[in-house]
Each structure stands twice: as C-alpha cells, then as structure tokens.
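Hi,

Here is the structure I promised to pass on. Have a look at it first, then read my notes underneath with the model open beside you.

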Amino acid sequence: MIPLLEISDLVKAFRGVRAVDGASFAVQAGSITGLIGPNGSGKSTAIDCISGFQRADAGRVHLDGTAIDGLPPQRIARAGLTRTFQDVRVYDTYTVLENLLVVAKPFATTNWADAFLRTQKFRETHGQAEARALDLIDLVGLTRLTHAPALILSYGQKKLLAFAAAMMSNPSIVVLDEPVAGVNPTRVNEVAEIVRAANRGGTTFLIIEHNVDFITSLCDHVIVFDRGRKLTEGPPAEVHRDPLVLDAYLGVEPGHEPHLARAG
Ligand SMILES: Nc1ncnc2c1ncn2[C@@H]1O[C@H](COP(=O)(O)OP(=O)(O)OP(=O)(O)O)[C@@H](O)[C@H]1O
Ligand SMILES: [Mg+2]
C-alpha cells in the first residue's frame with residue numbers, strides 16, 4: 001500500500017544548523033497521525049518544507065505517489081495538501097466568510113472573464129464556495145461572527161477559522177500545527193470532534209500538538225520527532241510510555257514529566 005504522504009531523507013538547515021536532519025516518515029491514507037516531539041525538534045520546519053513554504057535542502061516528498069517537493073504552496077494545496085500555522089495566520093481585515101472565500105478562489109474553475117461577466121458558471125461556483133464556507137463556519141462554531149472582521153476574533157477563534165480555511169478546498173490531507181494551543185478545554189473537545197467528523201468523511205490528518213490527551217484520544221498513530229528526525233513511531237499510548245521518548249522530552253525518570261502539557 002502506498003502511503004498518502006511519504007517523506008524521505010528531508011534536510012533543512014538554517015545557517016548550518018540542521019533543523020530537519022534526514023527525516024523520513026509516512027502518513028497512511030485515512031489516518032489521524034500525530035507528530036510530536038520536544039520544542040525545537042524540527043516539526044514545524046518539516047511541515048514548512050512539506051507544504052512548500054520553505055525549500056528543503058534535500059529529500060523527497062510524495063503525495064499519493066506523486067513528487068511534490070519543490071512545488072510552491074498553492075500547487076501543493078491544489079494537489080490536495082493544506083496546512084495551518086503554529087502562529088495562527090488569517091486575513092485580519094477580511095470577514096470570517098471572506099477568509100474562507102479567498103482560499104477557495106484559486107481552486108475555482110472559472111476565470112476572470114466568467115467573474116467579470118458573472119456567467120452562470122461563475123454564479124454556481126461562487127454559490128457552492130459560499131455554501132461550503134457557511135457549513136464550515138457552522139462546524140467550527142463561528143456562525144455568529146460570519147460577517148465580522150477576523151481582527152475581532154480571539155486567538156482561539158482565529159485558530160478555528162484557520163482550521164476551517166484549511167478544510168475549504170476539500171483537501172485529501174490537512175496538516176495542523178498545534179491546533180489547540182491556546183484553545184480553551186471545552187473547545188479542545190469540539191476541535192477533536194470536528195477532526196473526527198472530517199476524518200470519517202475521508203480527510204487524512206497529520207497533527208502536531210503538545211497536548212498529550214488530545215493526541216492520545218484522537219490519533220491512531222504517532223510519529224515522534226527528536227533533533228530533526230523521526231525517533232520512533234507507534235500507537236499513542238505506547239510511544240508515550242517509551243523510555244526513549246521520555247528521555248528525548250525530559251531526560252528524567254518516567255512519572256516526572258513536567259513539560260508535557262495535559263488538557264484541563
Ligand atoms: N527561519 C528560521 N531561521 C533560523 N532558525 C530557524 C528558523 N525556523 C526554525 N529555526 C530553528 O530550527 C529548529 C527547529 O524549529 P521548529 O520550529 O521546526 O521546531 P518545532 O519542533 O516546531 O518546535 P515547537 O514545538 O517549539 O514548535 C529550532 O532550533 C529553530 O530555532
Ligand atoms: Mg513548531
């Protein structure tokens with residue numbers, strides 16, 4: 001079976017320091033896969049390279065068997081891989097709805113002439129995009145704020161909006177970089193439910209998160225990063241007990257895990 005996403009020997013250095021140092025891992029189609037590891041272990045940098053926001057120094061990335069490394073982010077999104085950012089990114093001056101419609105634009109099959117002449121095709125495409133956007137806004141609980149500018153949203157609400165934006169193009173795989181950091185505990189469970197629902201609908205997820213409970217309850221498989229490469233992988237309950245993993249995080253005995261954030 002070909003994995004949906006396959007990363008081989010990925011390298012990315014900043015001024016000679018290897019943030020990603022020969023990472024190889026795979027994400028199976030239909031899975032909710034976790035990507036965990038200590039601060040600075042290269043998780044976000046790896047995702048930046050995979051999604052085209054950074055250019056890797058070396059390595060290959062295949063999406064559904066096709067090489068996507070070296071492509072710009074928009075081409076990779078069109079190929080079916082979208083992502084959110086750890087430092088949440090939304091268009092502050094756009095409304096919640098506009099934030100989703102602007103994402104849909106490059107995916108539309110209409111062109112500027114259709115838009116200018118407001119052809120039937122344009123109206124249909126626009127109508128479909130708006131219907132999907134409204135569904136997603138409802139799904140993440142932001143309906144009340146549909147026409148509000150994104151700048152008035154709280155940090156947690158912006159995370160939810162960014163999540164909806166990543167889902168807008170109906171991607172085959174979504175990479176979430178710390179989706180529940182700064183989101184209140186009640187909402188954390190809701191985010192987990194949204195991910196599960198989307199996963200049942202066929203979307204594969206790769207989720208970076210420090211929240212152990214979130215990862216354990218949601219993921220069927222977890223990849224552990226340390227010093228820019230995969231340290232180990234396996235079912236969440238097992239990797240969290242793995243002495244190698246505890247050592248990578250903490251360098252202390254099991255049972256004394258001060259840095260592992262737990263959901264409240
Ligand atoms: N643009 C950059 N310029 C220089 N160094 C960078 C840059 N981006 C990341 N790094 C360095 O690369 C290393 C890996 O960082 P990265 O953000 O990928 O880690 P992470 O695993 O996502 O950590 P965290 O869990 O804290 O988000 C760090 O040492 C970081 O300082
Ligand atoms: Mg990070």
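Start with F225, which sits opposite K230 of strand β10. This is a predicted model, by the way, so treat everything below as computed from it. F225 belongs to strand β9, residues 221-226, and β10 covers residues 229-234. The two strands run antiparallel and are joined by five bridges. Between them is a hairpin with two residues separating the strands, and there R227 has a positive phi near 50°.

That positive phi is worth a pause. Most residues other than glycine have a negative phi. Two more spots go the other way. D9 has a phi near 50°, positive even though D9 is not a glycine, and D9 is part of strand β1. R15, also not a glycine, has a positive phi of about 45°; you will find R15 in the loop between β1 and β2.

Now back to β9 and β10, and the sheet they belong to. What is the order of the strands in this open sheet of six? Reading across, it goes β6-β7-β8-β3-β9-β10, and the pairing is mixed. β6 (81-83) and β10 are the edge strands: each has a single partner, so one side of each has no neighbour in the sheet. From one strand to the next, the twist averages 20°.

Where does a parallel pair turn up? Look at β3 (residues 32-36) and β9, which run parallel and are joined by four bridges. One place to see this is T33, which stands opposite H221 in β9.

Helices lie against this sheet too. Helix α7, residues 185-200, packs on the sheet and touches β3, β7 and β8. The direction of α7 makes about 150° with that of β8. Then there is helix α6 (residues 155-167), lying across β6, β7 (173-177) and β8 (204-208). Measuring by direction, α6 runs at about 160° to β7.

Next, the other sheet. Four strands make up this open sheet, in the order β2-β1-β4-β5, with antiparallel pairing. Which strands stand at its edges? They are β2 (17-27) and β5 (66-67); each has a single partner strand, so one side of each is left without a neighbour in the sheet. β5 is joined to β4 (residues 58-63) by two bridges, and the two run antiparallel. If you want to find that pairing on screen, look for L63, whose bridge partner in β5 is T66.

Helix α1 lies across β1 (5-14), β2 and β4, and runs at about 115° to β1. Keep α1 in view, as it comes up again with the ligand. α1 spans residues 43-50 and gives three residues to the shell around ligand 1, the largest share.

So how many residues surround ligand 1? There are 13, and the closest are N39, G40, K43, T45 and H210. By class, the shell has three nonpolar, eight polar and two charged residues.

Here are three contacts to click on:

- N39: a polar side-chain atom is 2.8 Å from an oxygen atom of ligand 1.
- G40: here a polar backbone atom lies 2.8 Å from an oxygen atom of the ligand.
- T45: an N or O atom of the side chain is 2.5 Å from an oxygen atom of ligand 1.

As for how covered the ligand is, on its own ligand 1 has 640 Å² of accessible area, and the protein covers 61% of that.

Have fun exploring, and write back if anything is unclear.

Cheers

Key: Residues are numbered from 1 along each chain as its sequence is written. Chains are lettered from A and ligands numbered from 1 in the order in which they are written. This is a predicted model: local features need pLDDT of at least 70, side-chain atom pairs count only at pLDDT 80 or more; totals for chains, interfaces and linings use all residues. Side-chain values use heavy atoms; hydrogens and water are left out. A residue is near a molecule or strand if one of its heavy atoms lies within 4 Å of it. A polar contact is a pair of N or O atoms within 3.5 Å; within protein, one must be able to donate a hydrogen and the other to accept it, and residues adjacent in sequence count only if both atoms are side-chain atoms. Accessible areas come from the Shrake-Rupley method with a 1.4 Å probe; for residues, only the protein chains shown count as cover. Ala, Val, Leu, Ile, Met, Phe, Trp, Tyr, Cys and Pro count as nonpolar, Asp, Glu, Lys and Arg as charged, and the others, Gly among them, as polar. Two strands pair if DSSP finds at least two bridges between them. Contact means heavy atoms within 4.5 Å. Axes are lines fitted to C-alpha atoms, for helices over the stretch in contact, and angles run from 0 to 180 degrees between N-to-C directions.
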